[in-house]
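User: Could you take me through one part of this model in close detail? I would like to start with the aromatic residues and then settle on a single helix.

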Number of protein chains: 2
Amino acid sequence: MNDAQKGWVVIAGLGPGDERMVIPEVQEVLAEATDVVGYIPYVARIAPRAGLTLHASDNRVEVDRATQALQMAAEGKRVVVVSSGDPGVFAMASAVFEALEDGSKAQPAWLDLDIRVLPGITAMLAAAAAIGAPLGHDFAAINLSDNLKPWELVERRLQLVGEAGLAMAFYNPRSKSRPHQFARALDVLRAACGAETLITFARDVTKPGQEILTVPLKDARPDMADMRTVVIVGNRDTRRVGPYVYTPRFAPGHQPGHQTGQTPTDKDT
Amino acid sequence: MNDAQKGWVVIAGLGPGDERMVIPEVQEVLAEATDVVGYIPYVARIAPRAGLTLHASDNRVEVDRATQALQMAAEGKRVVVVSSGDPGVFAMASAVFEALEDGSKAQPAWLDLDIRVLPGITAMLAAAAAIGAPLGHDFAAINLSDNLKPWELVERRLQLVGEAGLAMAFYNPRSKSRPHQFARALDVLRAACGAETLITFARDVTKPGQEILTVPLKDARPDMADMRTVVIVGNRDTRRVGPYVYTPRFAPGHQPGHQTGQTPTDKDT
């Protein structure tokens, strides 16, 4: 316990699946770790080595897993909690801070732990890149699972965000336990966004067997998505050019620099 | 021109600034490129080498730059268009597809060009990671520049998305040419999201001199942001724990698994 002050937790994103999409900073912390904690298929991506203990757990124990990571760090371990994609997008980062908030009531010293989050390529941005640039204008990221919020709130969000004219990316669009909700989501989207708006189903993005399908909302069927699919709905200006799908940077009817290229739109940050 | 069929364009994300956040796949294509095209400070990040021509241009010529990249690829060059962050988020990917749509009218062969987008760590996700997990629940990404859309539409979007209860990340929050608009945006946000909702200003994320400030919306001032700042507004449940800011995965009042950890929330994709 003499080296307790050296413990840390890093919540790290492994990206969508392709190892060439893991940022070098994540590989660096993995090389320094004593323990890796995570959902079974993500931990399976970590190469075993001497001095590294792998703790794989099921996907229904996020807070338990996060508490375990904090406990080990408090004992001086160097712990990496692995998530797919980006840990801050519907993944383990919030679960660790929830566990920190709860656990620090009994163990205030946890608030002094060295906790860092390292970002990763989140599935919606890998899917967008794979098809073109459907998220090239304002967009929203929405988790369709009703484990997290009442389904009525999901519908309300789809309606308001569609009315606002944003493109949308959906995580966890469909599961066996709620087969009818995604059909209902498509109905809401058709009403809010228009039947001609393009929807893209991206399954196993960057992995072997990647499948990508784009159709107008009027032709979208619930069985085009499963839990391994990220779904992207464009805005009313989202279009095809050749084999690509993209959303123009400009709102329709507001294209002062479209022909001349004299409009600054590339972000400065 | 014999190798014209070998030309390609890759639109690649360089991440927020730290070189350890550039994915290996981007380094691979840069190693194969004959030409790099981009905004001056992004091209400055590319190491010169024999056989590689760097084409740096100002940030008001996105479509010209994109057209140049397509033209060079049509001539057999291997061209990387560099963006900061993720090229599909308020950056060059959509500009390239706009240029492709326009240019292919005169040169239909452009539609057969090999064009790929490689994602990167976008500024909002790097900023979120740096402070904790403020985007851990549903969220929207909105470009506040009115070069792209009428300001009235920006306000309407802030209002609807705030009403929907999503967290928001803002790119290009403030510029010299429109100093008053961000003040107006803060007013709209206070009304739509509540004065106590936390807002984070993240400047020069992952770069030397990174500055991060979190305050309640009631204490937010326009001069806390400039064009090098990404701004994140949480939802009404976003909170502090120790030095961190995070948004719980669950909507308020819908936390079936918060204590027991028996709720699946980690995405499967």
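**A close look: aromatic pairs and one helix**

Analyst: Y39(A) is a good place to begin: with a relative accessible area of 14%, this residue counts as buried, because the cut-off is under 20%. Please keep in mind that the model is predicted. Y42(A) is buried as well, and its relative accessible area is 5%. Across the chains, the count of aromatic pairs comes to 10. Y39(A) and Y42(A) make an edge-to-face pair, because their planes stand at 85° and anything over 60 falls in that class; the ring centres are 5.2 Å apart.

Another pair joins Y244(A) to F97(B), with 5.0 Å from centre to centre and 45° between the planes, and this one is tilted. The pair crosses between chains: Y244(A) belongs to strand β13 (residues 244-246) of chain A, while F97(B) sits in helix α4 (residues 92-106) of chain B. Both Y244(A) and F97(B) are buried. There is also an aromatic cluster made up of F97(A), Y244(B) and Y246(B).

Now for the helix, α6 of chain B, which covers residues 151-163. Its 13 residues, at 1.5 Å a residue, should span 18 Å, and the end C-alpha atoms are 18 Å apart, so the expected and modelled values agree. Which residues of α6(B) are buried? They are W151(B), V154(B), E155(B), R157(B), L158(B), L160(B), V161(B) and G162(B). An α-helix has 3.6 residues a turn, so residues three or four places apart point the same way. That is handy to keep in mind when you look at the list.

What covers those buried residues of α6(B)? The cover includes α6 (151-163) of chain A, along with β7 (139-143), β8 (167-171) and α7 (181-193) of chain B.

The packing against α7(B) deserves a look of its own. The axes of α6(B) and α7(B) are 8 Å apart and meet at an angle of about 25°. Because angles under 35 degrees count as roughly parallel, α6(B) is roughly parallel to α7(B). The crossing of α6(B) past α7(B) is right-handed. On the α6(B) side, the residues in contact are W151(B), E155(B), L158(B), Q159(B), G162(B) and E163(B). Their partners in α7(B) are Q181(B), R184(B), A185(B), V188(B), L189(B), A192(B) and C193(B). W151(B), E155(B), L158(B) and G162(B), all part of this contact, are also among the buried residues of α6(B).

Finally, just after α6(B), G165(B) takes a positive phi of about 85°.

Notes: Residues numbered from 1 in each chain as written. Chains lettered and ligands numbered in written order. Predicted model: local features only at pLDDT ≥ 70, side-chain atom pairs only at ≥ 80, totals over all residues. Heavy atoms only, no water. Phe/Tyr/Trp six-rings, centres within 6.5 Å; stacked < 30°, edge-to-face > 60°. Buried < 20%, exposed > 50% of the residue type's maximum accessible area, 1.4 Å probe, protein only. Helix = DSSP H or I, 4+ residues; strand = E, 2+ residues; numbered from the N terminus. Expected span 1.5 Å × (residues − 1). Contact = heavy atoms within 4.5 Å. Axes fitted to C-alpha atoms, helices over the stretch in contact; angles between N-to-C directions. Parallel < 35°, antiparallel > 145°, perpendicular 65-115°, else oblique. Left-handed = near helix turned anticlockwise from the far one by under 90°.
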